[in-house]
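User: I want to learn how to read a sheet and its surroundings. Can you take me through one case?

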Amino acid sequence: MIFEHQSYTQRVVFGAGTARTRLAAEVERHGAHRVLLVAAPSAREQAASLTASLPMAGVVDEVRMHVPVEVADAARRRAEETGADLLLAVGGGSATGTAKAVALSSGLPIVAVPTTYAGSEVTPVWGLTDDGRKTTGVDERVLPRTVIYDPALTLSLPVEMSIASGLNALAHCVDSLWAPRVNPVDTALALEAAHALAEGLPRVHADPAALEGRSSTLYGAYLGALAFAGAGSGLHHKICHVLGGAYDLPHAQTHAVVLPHVLAFNAPAAPREAARLARALDAPDARAALDALYTAVEAPRSLRALGLPEDRLPEAAALIAEAAPPSNPRPVTEADALAILKAAF
Ligand code: NAD
């Protein structure tokens with residue numbers, strides 16, 4: 001065996017109720033006196049009860065998917081005006097992403113309290129969108145110093161969004177099997193994560209108010225995002241990156257729709273990875289297992305339904321073929337990319 005594995009320093013607290021019982025102590029560990037909350041209006045109520053005893057300096061509540069540069073600039077100005085010394089992100093990947101944009105320019109530490117399964121909180125990856133083009137980069141300053149994973153906070157996430165977000169997490173697992181920095185440590189994390197997600201998501205679907213399914217799903221989301229942080233963006237992420245940036249499609253739903261088509265494309269060229277994924281999913285065949293899971297949880301299945309105009313498929317295919325990573329188990333021509341997009345459409 002020969003491999004390289006990068007891990008990052010981060011403190012993680014996991015458990016139902018921990019956002020309420022542990023947040024103040026975790027903020028105090030950073031010696032913070034002026035906390036700037038970054039949370040969408042939908043998280044305001046949740047955030048207000050969590051921050052009641054914290055030394056708050058202000059709030060950024062303009063939070064949008066893929067972090068438009070004007071949103072990032074406004075949040076950065078708010079951090080300066082308020083003299084913030086710590087960023088507290090409460091919400092999904094959009095809230096975390098907005099806090100990351102501020103940390104990128106200011107170096108302020110982030111404490112993240114995720115309320116979806118997006119996983120941004122464990123990656124040093126930032127993203128900004130300017131004029132329909134999404135730019136991403138890696139910078140350890142944006143990696144939250146502490147994450148509090150409280151499955152109870154995900155109970156309010158509507159079931160359709162929960163399923164899409166959980167499948168976004170599963171995409172982190174699957175794509176890390178052939179990502180540019182693939183390595184056995186991240187593969188082990190990805191497979192354990194896939195197992196937890198395949199167990200958790202049907203339970204979330206059947207009973208969204210039960211903590212057991214939420215806990216498994218959040219645990220899987222955490223591990224899957226770690227695998228993604230280590231292994232990098234494979235073909236699946238390149239496709240979703242193009243679609244998300246250029247056509248403003250919803251992030252989690254786009255990942256959910258595209259994943260089975262990337263697996264179908266790559267599995268024949270990566271039989272060992274596909275077999276290991278099948279074992280993690282407790283099934284003889286990974287593609288069939290994914291299909292059964294999608295049916296069980298009523299997953300989103302169509303890019304058309306997400307609002308992608310059909311006449312944009314060829315230009316998207318060209319962008320994808322350009323971006324496909326050399327680590328992919330098989331080459332990706334423009335015609336291949338178009339076929340994947342058409343199938344997902
Ligand atoms: P999101 O943060 O936009 O949340 C989706 C919707 O759910 C929003 O309307 C939000 O207000 C609502 N919501 C969130 N938590 C809720 C809760 N508990 N109860 C009720 N409503 C809730 O979407 P997301 O899928 O979590 O994140 C997507 C963004 O994250 C994208 O911009 C994506 O690029 C980014 N992302 C980045 C990374 C990374 O490594 N940098 C990884 C994953 C995602």
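Analyst: We go from the sheet to its helices, then to a surface patch. Keep in mind that this is a predicted model.

User: In what order do the six strands of the open sheet lie?

Analyst: Read across the sheet, not along the chain. Here the order is E1-E8-E5-E4-E2-E3, and the pairing is parallel.

User: Which strands are the edge strands?

Analyst: Look for strands that pair on one side only. Those are E1 (11-14) and E3 (56-60). As for twist, neighbouring strands are turned by 15° against each other on average, direction ignored.

User: How many bridges join E1 to E8?

Analyst: Four, and the two strands run parallel; E8 covers residues 146-149. Take Val 12 as an example: its bridge partner in E8 is Val 147.

User: Which strands does helix H7 touch?

Analyst: Ask what a helix touches, then compare directions. H7 (residues 211-231) packs on the sheet against E1 and E8, and its direction makes about 170° with that of E1. Helix H3 (residues 69-82) also packs on the sheet, touching E2 (35-38) and E3. The direction of H3 makes about 165° with that of E3.

User: Which residues form the nonpolar patch on the surface?

Analyst: Met 1, Phe 3 and Val 185, with about 350 Å² of accessible area together. Phe 3 sits in the segment before E1.

User: Why does Phe 3 count as partly exposed?

Analyst: Check the relative accessibility against the cut-offs. Partly exposed lies between under 20% for buried and over 50% for exposed. Phe 3 has 40% relative accessibility, so it counts as partly exposed.

Definitions and conventions. Residues are numbered from 1 along each chain as its sequence is written. This is a predicted model: local features need pLDDT of at least 70, side-chain atom pairs count only at pLDDT 80 or more; totals for chains, interfaces and linings use all residues. Side-chain values use heavy atoms; hydrogens and water are left out. Two strands pair if DSSP finds at least two bridges between them. Axes are lines fitted to C-alpha atoms, for helices over the stretch in contact, and angles run from 0 to 180 degrees between N-to-C directions. Contact means heavy atoms within 4.5 Å. Patches are made of residues with over 30% relative accessible area and no salt bridge: like charges are joined within 9 Å, nonpolar side chains (Val, Leu, Ile, Met, Phe, Trp, Tyr) within 5 Å. Accessible areas come from the Shrake-Rupley method with a 1.4 Å probe; for residues, only the protein chains shown count as cover. A salt bridge is a side-chain nitrogen of Lys or Arg within 4 Å of a carboxyl oxygen of Asp or Glu. Buried means under 20% relative accessible area, exposed over 50%, partly exposed in between (1.4 Å probe, protein chains only).
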